[in-house]
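Colleague: I am new to this structure and would like a close look at a single part. Could you take one chain and describe it with care?

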Amino acid sequence: MKEIQIHTLFGAALLSGIAGILLIGHGISIGIVFLWLPFLSAANSIRGMAMYGLGTGNASIGYWGTAVGATSAFVVSLSVSCRSTPLLYVAAVVAISLVIGLATGILADKVIRMRIPRIELNSAVIAMSTAMITAGSLLILGSDYGLYPFIYIIITLAVLHPYNASTGAGENQKRTLLLALVEACMTTLVIGIVAMLASRSSIPVSGDVAIVAASACGLVIAVVAWYRLVKSDIYEIRWTGYPPAEH
Amino acid sequence: MAAISLLLGTALAGFLAFLAGIFEDSESNAGSASNPNSQVQLAPQIGNRHRYFNKAISGEPPANALWATTAATIAYLLTAHFGGDAFSVLIASIIGAAASTLLLCAYGALSHISRIASMKNFEQTLYWDSLLTPLPLDAAYGFLTALILTLLAFAAHGLLGNPFSVPLIALFFGITIGAIGSSTGDIYYGAERLYQHYIFGSGIPISVQGDIDVKGEYGYRNSVDTPYFTMRFGGLVTGLAFGMLIFLDAWSRLFTFAGVWTGVIVVSVLVLIILIFIYLLEVYTRKRYGRYAED
């Protein structure tokens with residue numbers, strides 16, 4: 001089966017992510033669904049790096065990439081406002097994460113000599129994708145610093161987990177990316193619920209309800225699609241039983 | 001009054017950390033997380049088809065950081081909204097921990113199913129009961145870990161006067177407890193229990209990796225029996241390590257003899273004492289049991 005190239009997926013994720021941030025910046029919270037593609041793109045690049053026998057390093061790649069992306073977005077949010085200059089905000093998020101992502105990738109390749117093919121490209125893609133997701137989440141959750149650790153760690157797990165969960169001889173890109181979509185929907189669902197609490201109003205804000213509703217619908221559709229693939233890929237599914245005796 | 005609050009905070013933090021350590025190690029063992037994860041993953045490749053619950057979420061540190069931070073963030077927002085007396089903190093922490101447990105169940109089930117789907121070549125079957133029986137147990141331990149870490153973060157922020165926000169402290173605690181659980185507690189399960197048919201303490205040479213015990217006292221081993229076994233040693237040792245870390249660290253706030261440098265001096269002295277103790281213990285052990293054996 002032909003795999004989706006990094007460039008194609010990231011190109012789509014970049015356009016979709018920018019559209020998502022601008023929509024959220026204009027008060028249309030449902031634009032968070034456009035951030036699902038950056039989740040897929042980041043998970044795909046983690047797959048691209050971790051496939052070269054990193055094993056337990058998978059989590060570290062996710063940690064590292066999201067740290068670069070989230071930090072870039074946090075720094076931009078401190079100095080540029082999305083409300084007054086939305087285009088500058090998006091441009092700054094993308095540019096800063098690109099520069100730092102590339103720089104860490106080149107350092108890992110040239111100085112630490114990790115010998116992973118295309119590490120610079122993948123590192124930049126993970127950083128930019130997670131920076132866009134972080135920027136969108138920050139716009140939804142507001143500027144309470146207490147929420148930064150939550151935003152960072154929930155995005156980290158959602159991007160590092162799909163490949164880590166699917167590792168094995170029978171892993172394929174399609175199932176890994178579908179799992180990434182499941183987890184992207186799950187993450188935006190949780191962000192929507194936390195946004196309801198963070199808004200501090202006695203009845204939930206309609207924008208936050210829309211996020212939760214859209215994410216829940218996406219989650220159901222993605223889980224059904226993913227499980228269909230699991231059933232076609234797996235050796236056998238049973239309610240109970242013993243493995244055939246070998247020794 | 002401030003001194004009483006500090007003393008109370010130190011004792012409470014140490015006790016909570018001890019409990020959190022026990023629950024965290026049991027949670028990771030019920031789901032074969034971290035080090036045992038690779039061993040269980042490798043087993044079908046050399047013909048050991050198993051009935052373990054294999055929850056490949058990530059390393060323990062990020063996973064526990066997520067449960068603790070989610071619980072603490074929800075509790076932090078709820079207390080900001082409804083007031084922050086002791087009773088509200090407890091109720092808010094329970095709600096937060098319950099929410100993060102749902103996330104744990106979702107991630108756990110997705111990973112178990114995904115990993116087995118990628119094991120087609122090695123004929124590993126997905127048994128629903130070997131996922132659905134340990135999952136509630138794992139979730140229960142996960143709930144207790146997240147709840148206690150959230151309470152600990154509130155105690156550190158309120159009683160001990162830690163300047164960081166509650167979710168950030170919870171993130172640090174989650175990463176720390178995950179690191180301790182995977183380095184201290186997991187050895188007991190990953191290197192000993194899964195390899196009981198090899199000589200005790202022999203480690204896992206590459207040549208035997210994946211050759212795990214898949215059978216128990218009767219029938220096939222399952223992931224409900226594992227915490228029952230590891231609770232006797234691995235869980236307590238993890239609790240001791242994390243409890244001591246938090247308890248001794250809290251001492252740095254009890255004294256004020258050197259201004260802002262007090263904490264650094266107190267902790268440095270404690271680290272020195274621990275190093276000397278470990279050195280003496282090592283010397284005693286070598287004298288009593290002889291030198292390390294050559295390979």
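Modeller: What follows is a description of chain B, from its fold to its surface and charges. This is a predicted model, in which local features need pLDDT of at least 70 and side-chain atom pairs count only at pLDDT 80 or more, while totals for chains, interfaces and linings use all residues. Residues are numbered from 1 along each chain as its sequence is written, chains are lettered from A in the order in which they are written, and side-chain values use heavy atoms, with hydrogens and water left out.

Chain B is built from ten helices and one strand, where helices are DSSP runs of H or I with at least four residues and strands are runs of E with at least two, numbered from the N terminus. Along the sequence these elements come in the order α-α-α-α-β-α-α-α-α-α-α.

The C-alpha atoms of chain B occupy a box of roughly 65 × 55 × 25 Å along the principal axes. Of its 295 residues, 53% are buried, meaning under 20% relative accessible area with a 1.4 Å probe and protein chains only. Among contacts in chain B with a separation of 6 or more, 76% join residues 24 or more positions apart, a contact being heavy atoms within 4.5 Å.

Turning to the surface, chain B exposes about 13100 Å², of which carbon and sulfur atoms supply 71%, by the Shrake-Rupley method with a 1.4 Å probe. Chain B carries 14 positive and 18 negative side chains, and the centres of these two sets lie 5 Å apart; Lys and Arg count as positive, Asp and Glu as negative, and His and the chain ends are not counted, with each charge placed at NZ of Lys, CZ of Arg, CG of Asp or CD of Glu.

Methods:
Buried means under 20% relative accessible area, exposed over 50%, partly exposed in between (1.4 Å probe, protein chains only).
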